[in-house]
Amino acid sequence: MHPRYILGMDNRLLSPDFIFESSWEVCNKVGGIYTVLSTRAKTLQDNFRDKVVFIGPDVWKTTECPYFKEDVSLFASWKWTAKEQGINVRVGRWTIPGEPIAVLVDFQPYFEKKNEIYGWLWEKYAVDSLHAYGDYDEASMFSYAAGLVVESFFNEKFASLDVQPKVIYQANEWMCGLGALYINNKLPQIGTIFTTHATSIGRSIAGNMKPLYNYLFAYNGDQMAFELNMQSKHSIEKQTAWNVDCFTTVSDITANECKELIDKPVDVVLPNGFDNSFVPKAQTFTRKRKQARSKLLSVANALLGENLADDTLIVSTSGRYEFRNKGIDVFIEAMNRLRFDQNLKKTVLAFIEVPGWVGEPRQDLKERLAAGLPYDTPLETPQITHWLHNMGEDKVLGMMKSYDMYNRHEDKVKVIFLPCYLDGNDGILNLSYYDVVLGNDLCIYPSYYEPWGYTPLEAVAFKVPCITTDLAGFGLWANKVFGHYGELTDGVKVIQRTDYNYSEVADAIKDTVAEFSKMTQHQVDACRKAADKLSKKALWSEFIQYYYEAYDIALQKAMERCAK
């Protein structure tokens, strides 16, 4: 990651006059990309006030979007033009720090033109949509609609100007590739950027229990896409990478993956930063941390029929329910081994905060929490806070059952599955994810496949030391900052992980938690201070420079193209 020069420090760097950015996760909180965009938005707003427009899918037909506030005065004349062109949009503000302008577009009308659109895509860019299934069609129709939005807006606002403004279109993930190619074809004046946050085929290889890293040099992306029935997603991703003006990804580890599986080196690595305006200050932080710990302990006590002390060591893992990729399996393995470790000096309360196929919050648990009484008997199935639709097939519960992990009174380690999005309205905990994170003593993210890794970055931003691996982009970055493999005293313990050292990773986690349990309060405070210090190096104010380099590359190519 070596930017040639930073905006404002060298007049050779082209700065955009207007930026469009599309993602399925604009005003739609479904994954980690939401965090990337929503935390970066304030920095962009500070530098390009209301010259940044985020485009997302209008999936909010029957419910009100909690992340979007419509403003009928914004772009009022263009909205009429768009409507006449058959483009249905809502324009407003994304209700996040910076409150950037957001356009939500209805993509449903384009399904009836799907075959025509895919035919054009094949003819112009040889994208294979023939093997599409799952979310491919939905994502593609949104992406196409986003392209139409930009085309309509550009032609209305900029096309007639004597001096063409410098405009950027950034597409996130394969889901937005079609729109990037559409703009590449229809509006050559616009500089296009494609950011893959994880290659579709790399994620599939890892998710299908195939060794990714030892054999990465030998894998052929096209061949693996055929073998794993991923032809269409891989095809749109690969062709977008090859045809945009600037191809980017989020970490060095994924950049290598792109080079091997997409056969295209990235132009710039765009590491994911954080906006610490989310982090409460001083007395508010202390109060919220105490509240979170109290709530976590009360839920555990009601579920388990325990009276866990205030000095209980609270640890957690979280992320998407990718059992192997996110290291959920090795987390459970480590907690099971920790139960029998004589070096553990405190009771451990471990939460698995991973959204599953959740049914409803447990009524028996709600009743106990409402009563607020101490209980000395556990509830039935004292490993889970919400009932699932697939209790018998759930991987977390299945692995805990196979290890006889039933949170008995004599167990030194209690593991509880919180299988829902922590949005403050889950019915049991009723705290947002960030309010829960700061209640932890230690967070553990033993990822096998993790292009960046927001969860460890979020943890250290809330002054919580964490464990991660060197197969996570964040872990590799942390090692670079430290100049060595991170230790708890650095704020982040980075464990070496390979295709085959699952057992060693589990032992390393077990030993690290046991070591942490023996630390004095002074030592723990030093770890927390080191975590906070590291997080400051990953603020968007530090990382935004790489985006400016990407903007420059894309604009330079657009200018060269239009000059021909």
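Which helix supplies the largest share of the lining of the second largest pocket? Keep that in mind as you open the structure, and we will get to it at the third stop.

**Before you start**

You are looking at a predicted model, in which local features need pLDDT of at least 70 and side-chain atom pairs count only at pLDDT 80 or more, while totals for chains, interfaces and linings use all residues. Residues are numbered from 1 along each chain as its sequence is written, and side-chain values use heavy atoms, with hydrogens and water left out.

**Stop 1: strand E10**

Select residues 313-318, which make up strand E10. Strands (E, at least two residues) and helices (H or I, at least four) are DSSP runs, numbered from the N terminus. Six of the six residues here are buried, so E10 is largely enclosed by the rest of the structure. Buried means under 20% relative accessible area, exposed means over 50%, and partly exposed lies in between, using a 1.4 Å probe and protein chains only. Now show the side chains: Leu313, Val315 and Thr317 point one way, while Ile314, Ser316 and Ser318 point the other way.

Next, add residues 348-353, strand E11, which runs parallel to E10 and is joined to it by six bridges. Two strands count as paired if DSSP finds at least two bridges between them. To find one of these contacts, look at Leu313, whose bridge partner in E11 is Val348. Add helix H11 (residues 328-338) as well, and you have a right-handed β-α-β unit made of E10, H11 and E11. Right-handed here means that, with the strands pointing away from the viewer, the path from the first strand over the helix to the second runs clockwise.

E10 also pairs with strand E15 (residues 442-444), again in the parallel sense, over two bridges. Select Ser316 and Cys443 to see bridge partners from this pairing.

**Stop 2: helix H15**

Move on to residues 454-461, helix H15, where eight of the eight residues are buried, so the helix is largely enclosed by the rest of the structure. Among the buried residues are Tyr454, Pro456 and Glu458. Just after H15, click on Lys463, which takes a positive phi of about 65°.

**Stop 3: the second largest pocket**

Rolling a probe the size of a water molecule over the atoms shows where empty space is left. A pocket is found on a 1 Å grid over the protein atoms alone, as an open set of points where a 1.4 Å probe fits, with protein on both sides within 12 Å along at least five of seven lines; lining residues have an atom within 4 Å of a point. The second largest pocket holds about 490 Å³ of space. Of its 22 lining residues, select Arg289, Asp441, Gln521, Asp525 and Arg528, the closest to its centre. The volume is the space filled by probe spheres set on the points, which are joined across faces, edges and corners.

And the opening question? Helix H10 gives the largest share of the lining, six residues. H10 (282-304) and helix H18 (521-536) each supply at least two lining residues. By type, the lining divides into seven nonpolar, four polar and eleven charged residues. Ala, Val, Leu, Ile, Met, Phe, Trp, Tyr, Cys and Pro count as nonpolar, Asp, Glu, Lys and Arg as charged, and the others, Gly among them, as polar.

**Stop 4: salt bridges**

The whole structure has 31 salt bridges, each a side-chain nitrogen of Lys or Arg within 4 Å of a carboxyl oxygen of Asp or Glu. Here are a few to select:

- Asp532 and Lys536, with closest N and O atoms 2.6 Å apart. Both lie in H18, four residues apart, about one turn of the helix. Asp532 is buried at 19% relative accessible area, and Lys536 is partly exposed at 36%.
- Asp106 and Lys61, with closest N and O atoms 3.5 Å apart. This pair links distant parts of the chain, 45 residues apart. Asp106 is buried at 13%, whereas Lys61 is exposed at 52%.
- Arg203, Arg320 and Glu322, linked in a network of salt bridges.

**Stop 5: two loop residues**

Finish with Ala126, which is not a glycine yet has a positive phi of about 55°. Ala126 sits in the loop between H3 and H4 and is partly exposed at 40% relative accessibility. Asn407, in the loop between helix H13 (395-402) and strand E14 (413-417), also has a positive phi, near 55°. Asn407 is buried, with a relative accessible area of 4%.
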